[in-house]
Amino acid sequence: MKPNFETIEKETIQLLSFPQSDVLETREEIQQRHSDLYRALALGNLEHSKIRIYFEDNQSKKVVETTVWALTDQRVILKQGHSIPINRIYKSA
């Protein structure tokens, strides 16, 4: 996506703090994010494929390469129970 995303390990996600606001502004971007996340979920469960999730915590923009295990209404659940709020995700690829 963009070079200004810091790569982190999924184990550090539990140490991050996330604001309540959404990082995306338009309805189209939000719909695309949901479509991408459902695709990532299918890839994770069927093929155990890793994807990159681009997101932002309360400090900076980050990217993590991981497998999506589940989706709730508000969070993406990763391996080992780590999770990222959906409203803080820019893109998954």
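**From strand β5 to I53**

Strands β5 and β6 (residues 83-85) run antiparallel and are joined by three bridges. Keep in mind that the model is predicted.

Select V76 in β5 next. The bridge partner of V76 in β6 is I84. Now move to the hairpin of β5 and β6, where four residues lie between the strands. Pick Q80 there: Q80 takes a positive phi near 65°.

Go back to β5 and select the whole strand, residues 75-78, with side chains shown. Which side chains point to one face and are buried? They are V76 and L78. R75 and I77 point to the other face and are not buried. In a regular strand, side chains alternate between the two faces of the sheet.

Next, add strand β4, residues 68-71. β4 and β5 also run antiparallel, with three bridges joining them. A hairpin of three residues connects β4 to β5. Select A70 and look across to β5: the residue opposite A70 is I77.

The last stop is I53, in strand β2, residues 51-56. Is I53 buried or exposed? I53 counts as buried because its relative accessibility is 0%, and the cut-off for buried is under 20%.

Show the residues around I53. Leaving aside residues up to four places away in sequence, I53 touches several others, including V76 and L78. I84 is also among the residues that I53 touches, and I84 is the bridge partner of V76 seen earlier. Other contacts of I53 include V63, V64, V68 and I89.

Finally, select E65 together with I53. The two are 12 residues apart in sequence, and their C-alpha atoms are 6.5 Å apart in space.

Notes:
Residues are numbered from 1 along each chain as its sequence is written. This is a predicted model: local features need pLDDT of at least 70, side-chain atom pairs count only at pLDDT 80 or more; totals for chains, interfaces and linings use all residues. Side-chain values use heavy atoms; hydrogens and water are left out. Helices (H or I, at least four residues) and strands (E, at least two) are DSSP runs, numbered from the N terminus. Buried means under 20% relative accessible area, exposed over 50%, partly exposed in between (1.4 Å probe, protein chains only). Contact means heavy atoms within 4.5 Å. Two strands pair if DSSP finds at least two bridges between them.
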